[in-house]
Amino acid sequence: MIFSERDVDVLRLLCWCQYIQPEDLNTISSQVERENLMQLGLIRRHRGSGALTLSNSGRQLLRDTLIPELPQLAQSYHSDAIQRRIRLSRMALTAYHGGINIFTTATECIAAPPALFLSAIARSRGVNPWGSTRVAAIANLGGILCAVHYVCPGIGKIALTDELTAFSNQTARFRNAQRAFIFAGESYTDILSELGQASKTETKLIFYGDAYRRLQLPVRLLSCDDTGAVQLQIMSVPDHRQQLTLAALKNQYQPPPKEIPAWDALFQGLPFVMAADMDLRRVDAAIRAAQDQGMKQIAIAALRGQAEAVFFPRYRDAGLARVFVLTNEAISEVTGSPPVPYIPPRTQFISPKGDVVDAPPFQTRGKTGRSR
């Protein structure tokens with residue numbers, strides 16, 4: 001057996017994420033391919049959660065032959081910690097499918113976008129620079145630094161001041177970069193459900209809904225699915241709003257008033273907003289600006305999954321906007337590739353030394369570690 005690009009990426013993903021449910025890897029590898037890796041003793045199934053995790057032999061293979069620079073992660077065994085890892089693995093997989101380099105080992109490694117650094121890596125090294133903050137990752141997308149949080153119903157409260165301080169301190173080396181937040185979740189509906197929560201009293205700990213309303217930095221929502229992967233492909237392009245607006249409207253484009261930054265164009269007499277990055281607060285600001293001008297509606301363009309989950313029920317059905325679905329041609333014109341999630345090829349993996357790697361030398365490397 002010669003290792004393919006898919007085999008190696010499954011091993012790398014398990015190394016960086018620790019726990020991934022088998023069904024979440026179906027878009028990357030087949031069950032047969034994963035069973036081969038299990039028979040070789042490179043991955044194993046965790047008995048309690050049913051998730052897949054990397055074995056000691058799998059880590060040794062990565063370190064010795066494929067990728068010398070691996071994250072130094074302390075293995076999590078507590079059930080709550082495992083569930084957090086599984087949730088965050090879905091965010092990491094969405095970024096991976098979005099063509100973002102998630103295999104980084106320090107914040108300085110994200111200097112070349114698009115790239116993402118998982119905070120769990122730094123939390124496992126001696127002094128924890130993130131403290132008790134809930135930031136899951138730092139992403140560099142199109143020159144904009146984003147603090148990524150996983151938001152789901154019942155996720156709990158955060159200390160917003162601590163989050164902002166940690167974000168600023170850990171990205172201080174990127175002096176002139178714009179900054180934003182990404183609230184990721186299993187679906188846009190899940191995220192918005194939690195953002196409806198509000199604290200009844202003024203305390204340091206607040207719900208994500210309070211943070212969403214108080215943050216002065218932009219906030220983008222991200223669904224951890226194929227739609228979210230294409231959204232990240234778009235967001236990784238510098239000045240993506242302007243480029244995608246021009247690609248979508250073509251000769252019907254008219255420049256917006258300079259004094260209304262929430263509008264990206266004028267289209268058939270309506271203010272136009274490119275909303276594929278899911279900055280709903282900006283959409284709401286565009287609607288308020290239109291109403292101040294005596295206009296009842298705006299025009300919104302978004303991905304189909306975004307329109308069906310959010311923009312149709314929230315804006316079109318309420319009479320606030322005409323909602324258009326972006327064409328594949330317009331998206332490809334901006335991103336330079338088809339708007340589909342990245343899937344690794346089945347071609348053989350070539351090591352950094354230019355060699356192919358086959359399985360037999362590693363079958364006798366020793367017993368794999370056991371699940372606790």
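**Salt bridges, buried side chains and one helix with two sides**

Let me begin with Glu108, which is partly exposed at a relative accessible area of 44%; on the scale used here, buried means under 20% relative accessible area, exposed means over 50%, and partly exposed is what lies in between, with a 1.4 Å probe and protein chains only. Please keep in mind that this is a predicted model, in which local features need pLDDT of at least 70 and side-chain atom pairs count only at pLDDT 80 or more, whereas totals for chains, interfaces and linings use all residues. Residues are numbered from 1 along each chain as its sequence is written, and side-chain values use heavy atoms, with hydrogens and water left out.

What does the side chain of Glu108 meet in a salt bridge? Its partner is the side chain of Arg173, at 3.6 Å from N to O, a salt bridge being a side-chain nitrogen of Lys or Arg within 4 Å of a carboxyl oxygen of Asp or Glu. Glu108 lies in the loop between H4 and strand S3 (115-118), and Arg173 in the loop between helix H6 (160-170) and strand S7 (178-185), so this pair ties together parts that are 65 residues apart in sequence. When I speak of helices (H or I, at least four residues) and strands (E, at least two), I mean DSSP runs numbered from the N terminus. Arg173, like its partner, is partly exposed, its relative accessible area being 47%.

The structure holds 14 salt bridges in total, and I will pick out two others. In one of them, the side chains of Asp24 and Arg90 come together at 2.8 Å, N to O. Because Asp24 sits in the loop between H1 and helix H2 (31-39) while Arg90 belongs to helix H4 (residues 79-97), this pair ties together parts that are 66 residues apart in sequence. Arg90 is partly exposed, at 24% relative accessible area.

In the other, Lys204 and Asp162 meet through their side chains at 3.2 Å, N to O. This too is a link between distant parts of the chain, with Lys204 in the loop between helix H7 (188-195) and strand S8 (205-207) and Asp162 in helix H6, 42 residues apart. Lys204 is exposed, with a relative accessible area of 57%, whereas Asp162, at 30% relative accessibility, counts as partly exposed. Beyond such pairs, there is a network in which salt bridges that share partners join Arg220, Arg241, Asp277 and Asp279.

Staying with helix H6 for a moment, Gln170 is also placed there, and at 19% relative accessibility Gln170 counts as buried. If we leave aside its neighbours within four places in sequence, Gln170 is in contact (heavy atoms within 4.5 Å) with Thr107, Pro129 and Trp130.

Let me return to helix H4, where Met91 lies. Met91 is buried, at a relative accessible area of 3%, and, again setting aside neighbours within four places in sequence, Met91 is in contact with Leu116, Leu118, Ala136, Ala137, Val148, Tyr150, Ala184 and Cys224. For a sense of scale, the C-alpha atoms of Met91 and Leu246, which are 155 residues apart along the chain, are separated by 30 Å.

A further buried residue is Thr53, at 2% relative accessibility, in strand S2 (residues 52-54). The side chain of Thr53 reaches the backbone oxygen of Gln18 at 2.8 Å. Outside its neighbours within four places in sequence, the residues in contact with Thr53 are Leu14, Gln18, Tyr19, Ile43, Arg44 and Gln75.

My last topic is helix H13 (residues 328-335), and here I would ask which of its residues are buried. They are Ala330, Ile331, Val334 and Thr335. These residues cover an arc of only 120 degrees around the axis, which puts them on the same side of H13; the arc is that of the directions from the helix axis to the C-beta atoms. As background, an α-helix has 3.6 residues a turn, so residues three or four places apart point the same way. On the other side of H13, Glu329 and Glu333 are exposed. The cover over the buried residues of H13 includes helix H9 (226-235) and helix H10 (240-249). Just after H13, finally, Gly336 takes a positive phi of about 80 degrees.

Key. A polar contact is a pair of N or O atoms within 3.5 Å; within protein, one must be able to donate a hydrogen and the other to accept it, and residues adjacent in sequence count only if both atoms are side-chain atoms.
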